[in-house]
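Here are a few short exercises to work through with the model open. Try each task before you read the solution.

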Amino acid sequence: MSQLLDKAKNFVAEKVANMKKPEASINDVDFKRVSGDSVEYLAKVSVTNPYGHPIPICEISYTLKSAGRVIASGTIPDPGSLKASDTTLLEVPVKVAHSILVTLAKDVCADWDIDYELDLGLTIDLPIIGNFTIPLSTKGEHLFFG
């Protein structure tokens, strides 16, 4: 009996592993604006949904690092849904406090840009599977204020 259960578990695990899942990529990270207390960047993320029905996005989490330190992190709860059988463009605002940017003065003064690494986690609610997180990461350098 236990062999039959093991075979059934393996069969289900294999089918779930081979299911089509949404795919995502970070297209761009741009400077957006300066406010009284922060600088805001905007990450543009494309997500392709292979299913013929919309899929709810549970949350988007992000961590922005520079010079090996976390300079911004956060979560955007319930940002909407992925379009059915289509590509959805998501915009993820990332705010960096002015006080943090001051601590990066050495990097900024050397070449007027910030070397960064952005990690995103896009958590979606897939039928049968449940919550599924697509990890994304990009590195680059961005002009300070522009």
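**Exercise 1: one ring pair**

Y41 has a relative accessibility of 7%, so Y41 counts as buried (under 20% relative accessible area; exposed is over 50%, partly exposed in between, with a 1.4 Å probe and protein chains only). This is a predicted model, where local features need pLDDT of at least 70 and side-chain atom pairs count only at pLDDT 80 or more, while totals for chains, interfaces and linings use all residues. Residues are numbered from 1 along each chain as its sequence is written, and side-chain values use heavy atoms, leaving out hydrogens and water.

Task: Which residue forms an aromatic pair with Y41?

Solution: Start with the search of the whole structure, which finds one aromatic pair (ring centres of Phe, Tyr or Trp, its six-membered ring, within 6.5 Å). The partner is F31, at 6.0 Å centre to centre. Next, the planes are 75° apart, making the pair edge-to-face (over 60 degrees; under 30 is stacked, the rest tilted). Then place the rings: F31 sits in strand 1 (residues 23-34) and Y41 in strand 2 (residues 38-48), ten residues apart; strands are DSSP runs of E, at least two residues, numbered from the N terminus. Finally, F31 counts as partly exposed because its relative accessibility is 24%.

**Exercise 2: a hairpin**

Task: In which sense do strand 3 and strand 4 pair?

Solution: Strand 3 (residues 55-66) and strand 4 (residues 69-82) run antiparallel, with eleven bridges (pairing takes at least two DSSP bridges). Within this pairing, I60 is opposite I76 of strand 4. Now check the turn: two residues lie between the strands, and A67 has a positive phi near 55°.

Note on methods: Helices (H or I, at least four residues) and strands (E, at least two) are DSSP runs, numbered from the N terminus.
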